Structure formats: C-alpha cells, structure tokens
Amino acid sequence: MRYQALGAESSAFVKNALLAAATAVSAAAFAAPAEAAGTAAGTTISNVATATYDLPGGGSGSVQSNVVTLKVDELIDVTVAWRDPSDVIGTAGATGQLLSFTITNGGNGNESYTLGTIANLGGDDFDPAIGAIVLDTNGNGAYDPGVDTVYVPGTNDPQLTPDQSVAVFVLSALPLAATDGNRGRAELTAVSKTGTGTPGTSFAGLGQGGGNAVIGATGGKGLADGFYKIQKASVAFLKSAAIADPFGGASQVPGSIITYTLAATVSGTGTLANLKITDSVPSGTSYKPGSLTLDGGALTDAADADPGSFAGTGIAVNLGNVASGATRTVTFKVKID
Amino acid sequence: MRIWIALLALAAPAAAFAAGPEHVSLASHVFVERVKPGPGGKPVTVREAPGIVTPGDRLIFELDYRNVGAEPATGFTITDPIPASVAFTGGESENALFSVDGGRSWGPLGSLRVAGPNGASRPATPADVTHVKWAFARPIPAGAAGSVSFRGVVK
C-alpha cells in the first residue's frame with residue numbers, strides 16, 4: 001500500500017532535526033489531564049508499531065517493531081478532609097461530641113491506612129479528650145452508635161480502592177473548665193500502610209500488581225483539623241424593690257405595698273434551658289393576689305397553663321429556654337402586715 | 001513472508017535493529033519525560049528510561065527505522081496504535097497522519113471529527129487519537145535510518 005506524501009520530508013532521515021522539532025513542540029504539550037486516580041496500578045502499557053513498504057518485486061512487505069511494555073506503578077496519595085461546615089458546638093463537660101471527616105484514596109491502587117488523632121495542638125483554647133475514632137461502617141455518611149465500628153489500629157484499618165472515600169468520626173469529651181467561645185482542635189491522620197515519604201520516594205515491588213509503590217504529592221499521609229466550640233450561657237439575676245406607703249410616700253409601714261422586680265439576663269452564647277425564677281414572700285408581709293407579671297403581662301396565681309404561680313409561701317415562674325442576650329422580668333407585690 | 005517477518009521481530013525484540021532480513025527494521029522505544037531541577041535551580045526537562053511510571057507521567061514513544069536492504073525502500077509507512085492507557089498529547093514528528101476511529105480513516109488532526117450523542121459530531125482533540133502514522137513520500141535509501149516520535153500521558 002502506498003501513501004501520499006504530506007509536505008516536504010527533507011528532514012525525514014535526519015534524526016537530530018526531528019528530535020529538535022519534537023522538543024520545540026513539547027513545551028505546549030503538557031496539560032497532563034490525568035483523572036483523579038487514573039490508570040490502575042499494575043496495568044501494562046504495550047506499544048508496538050508496524051512499518052510497511054513496497055517490495056522490489058511488487059506487493060508490499062511489513063515489519064513489526066519490538067513490543068515495549070511498561071507496568072504502571074502504584075501512586076500512593078491520601079487526603080483527609082474535615083466535613084463539618086463550621087465549628088461543632090458543644091457545652092463544657094459534654095461527652096461523645098462528634099467531628100466528621102472523610103478519607104479519600106487519591107492513588108491508583110488499593111491501599112490501607114492507619115488512623116490516628118492528635119489533640120494537643122496549638123492555635124486553640126483547649127484540648128478535646130478524644131475517646132474514639134469510628135468508621136462509617138454502613139456507609140451512610142452519618143454516625144450510627146452501635147452500628148458504625150470503633151476503629152482499632154491494626155485490626156480494622158480502612159482499605160480503599162482508587163478514588164474511594166470513607167467517612168470517619170472522632171468522638172471527644174469537652175473539658176468542664178472551658179468557657180464560652182473557647183475552641184478546641186482535633187486532628188485526624190491517615191497514614192498509608194505501604195509507606196510514606198517525600199514525593200517520589202519509591203518502594204520496589206510493593207505496588208499493587210507487582211510494580212513499585214511511589215509516594216505522591218501528599219507524602220502518603222493525609223491529615224485535617226476539626227474544631228469544637230464551647231457554647232456556655234450564664235444568667236445574671238437582679239432583684240429590686242419599690243415601696244409605696246398608704247400616704248403617697250415610700251415608708252415601710254403596715255399597709256405599704258412592696259413591688260419586687262426580678263430580672264434575669266442570659267449572656268454568653270446559646271440557650272439556657274428550663275430557666276425558672278422563684279422567690280419567697282418575706283415574713284411579715286402578705287402576697288398581693290393577682291400581682292404576678294412576666295415582662296409586663298399579668299399571670300394568674302393558679303398553677304395552670306401560664307408559666308407563673310403563687311403557692312402559699314412564694315412565687316414561681318417557669319421561663320423555659322432563654323436565648324442568650326434575652327432579659328426576662330418578673331414582678332410581684334406584697335403588703336406589709 | 002510478511003507473517004514470517006512479523007513473527008521473527010516479535011520473537012527477538014532485543015535484536016530489533018537486526019530484524020527484517022533484507023528490507024527494513026523498526027525498533028520501538030519509550031521514554032519518560034520529567035522536569036527536574038537543573039543548574040542554578042532552573043527546571044530542566046529530561047528524558048529518562050522508564051523506571052517508575054504513574055498516572056500523569058509524560059511518555060515519549062520513539063520509533064527508529066533503518067533500511068537494512070540493498071535497495072531504496074519505497075512506499076514506506078510507520079503506523080503506531082496509541083496504547084489504551086495512554087492519551088495522545090501531540091508532540092509528534094512532522095508529517096504525521098491521525099486516526100480517531102481505530103485506524104479506519106486518516107487525516108490531519110484538524111480535519112477529523114468524533115461522533116457524539118444524537119448523531120452530532122465535534123472536532124477531534126489529541127485525546128481522541130487512536131493511531132498515528134507517518135507516510136514517507138520519498139524512498140528511503142539503502143542504509144539510511146531515521147526516527148519518528150510522539151508524546152502521550154499515562155491516563
């Protein structure tokens with residue numbers, strides 16, 4: 001078979017000139033569009049070319065080149081990412097607080113990883129007490145106590161195929177001494193069991209499929225930090241009294257009415273749950289029926305649907321959950337006997 | 001005859017240049033192209049024998065030919081299928097023809113199209129190339145040798 005010539009081939013037999021031309025093109029040819037994991041480790045790349053030519057006596061001859069084969073080596077890369085969208089909020093002293101991470105095999109072979117945590121890092125206010133690493137055994141991305149398995153190094157080290165990810169949870173207790181707004185950092189590490197090192201480090205014969213294992217850009221070790229943040233609300237309580245005597249003054253005489261004002265102000269962050277204000281009627285005075293108010297609104301004395309009540313010796317108002325920044329004000333009146 | 005020559009070449013790859021009893025020999029080589037720190041810290045591009053090969057590595061496929069016969073070789077072509085795990089990235093020696101359909105049709109890359117969904121087609125890109133071929137217009141004199149090459153990246 002004959003082929004038409006394309007352009008001048010004057011340099012076709014000059015090897016050096018051809019190589020120079022190829023080199024000139026090379027600078028623009030390096031987009032390296034490899035997919036995340038790419039060709040699986042152990043894959044063989046074979047190249048063989050064929051030359052054809054006219055035979056002197058007519059017809060055509062052909063010859064094949066030698067077969068060049070390469071085995072694709074295993075690239076070891078692993079990344080760890082913290083998945084929580086923002087600091088995980090917890091109260092001081094809370095246990096079982098959850099940080100969520102994802103471990104992804106960025107290499108091109110199956111790889112197992114040893115997991116670890118570090119809590120005594122700088123750049124934070126307290127060290128979380130890390131209790132356990134839990135693997136997302138059922139693969140639903142959420143922590144399921146009793147279903148997802150607690151990680152035990154060397155026993156259930158996660159193995160991932162190329163591009164595969166696994167969710168991992170870190171459970172911690174937050175110190176009682178931490179105060180509102182404190183942040184605590186915890187780090188999850190995933191270390192390739194084949195090996196780690198500077199990128200380019202190779203381990204002969206340890207790659208999947210019998211080739212070499214080569215450390216990629218991540219060094220064969222992934223890590224990510226997650227943060228806890230303490231939310232602690234506190235309440236300031238202010239009680240004041242105003243006296244009105246029967247004569248238009250402010251003397252403490254029998255028949256004077258004392259109005260008590262109880263102001264509860266919640267500060268910090270978060271919410272105080274089930275905040276309740278109680279106060280007793282001082283001796284020598286009598287509760288003035290129907291005088292109980294909350295934030296200016298009247299409350300009945302009976303223990304009923306409204307949050308306030310008077311029960312013989314004192315008043316009680318259930319404020320429920322009060323968000324930080326809010327002030328709830330209770331008033332009631334007594335008459336000096 | 002043709003089959004016999006092909007079998008011989010396959011059976012004795014080490015003796016590549018000695019193959020082809022009286023006409024033409026063809027030897028295939030592959031190199032890895034890497035960028036390394038050079039003198040003064042400037043990066044230099046080097047070609048190496050393939051030791052470690054991982055996805056994303058840039059390969060140079062080189063084909064060395066020689067007319068080992070006594071007569072000029074006319075109608076000379078070299079055809080090389082792109083290995084399955086390699087994406088062609090250009091960098092080919094001049095006067096190459098391409099196929100994006102497994103070697104059924106050939107042309108300059110700019111003239112080729114790839115069928116898409118719904119009967120549509122789009123211009124072919126280097127990554128679509130399945131075969132590369134060089135057709136020599138002039139006979140190769142007896143004893144003359146040369147080389148062609150192209151580049152690819154490990155997928």
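This report walks through some strand pairings, aromatic pairs and charge-over-ring contacts in a predicted model.

**Strand pairing in chain A**

Let us start with strand β10(A), which covers residues 129-135. Strand β10(A) runs antiparallel to strand β13(A), residues 165-173, and six bridges join the two. If you would like a place to look, find A129(A), which stands opposite A173(A) in β13(A). Strand β10(A) also has an antiparallel connection to strand β11(A), residues 149-150, this time through two bridges. Here L135(A) has T149(A) of β11(A) as its bridge partner.

Chain A also holds an open sheet of five strands with mixed pairing, in the order β7-β17-β14-β9-β12. Which strands form the edges? They are β7(A), residues 88-90, and β12(A), residues 159-160, and each pairs on one side only. The partner of β12(A) is strand β9(A), residues 111-118: the two pair in the antiparallel sense over two bridges. Within this pairing, E111(A) stands opposite L160(A). As a reminder for viewing any of these strands, side chains in a regular strand alternate between the two faces of the sheet.

**Aromatic rings in chain B**

Over all chains, the count of aromatic pairs comes to 12. One of them joins F61(B) and F150(B), and it is stacked because the planes meet at 20 degrees, under the 30 degrees cut-off, with the centres 5.0 Å apart. This pair links distant parts of the chain, with F61(B) in strand β3(B), residues 58-67, and F150(B) in strand β10(B), residues 145-154, 89 residues apart.

Are these two rings buried or exposed? F61(B) has a relative accessible area of 2%, so it counts as buried, and F150(B) is buried as well, at 0%.

F150(B) has a further partner in F88(B), and that pair is tilted. Again distant parts of the chain are linked: F88(B) sits in strand β5(B), residues 86-90, and is 62 residues apart from F150(B) in β10(B). Like F150(B), F88(B) is buried.

The two pairs are set out here:

| Pair | Centre to centre | Angle between planes | Kind |
|---|---|---|---|
| F61(B) and F150(B) | 5.0 Å | 20 degrees | stacked |
| F88(B) and F150(B) | 5.9 Å | 45 degrees | tilted |

Stepping back, ring pairs link F61(B), F88(B) and F150(B) with F98(B) and W134(B) into a cluster.

**Charges over rings in chain A**

Back in chain A, two contacts bring a charged residue over an aromatic face. R183(A) lies over the face of F227(A), at 3.9 Å from the ring centre. K239(A) lies over the face of Y260(A), at 4.7 Å from the ring centre.

Note on methods. Residues numbered from 1 in each chain as written. Chains lettered and ligands numbered in written order. Predicted model: local features only at pLDDT ≥ 70, side-chain atom pairs only at ≥ 80, totals over all residues. Heavy atoms only, no water. Pairing = 2+ DSSP bridges. Helix = DSSP H or I, 4+ residues; strand = E, 2+ residues; numbered from the N terminus. Phe/Tyr/Trp six-rings, centres within 6.5 Å; stacked < 30°, edge-to-face > 60°. Buried < 20%, exposed > 50% of the residue type's maximum accessible area, 1.4 Å probe, protein only. Lys NZ or Arg CZ within 6 Å of the ring centre and 35° of its normal.
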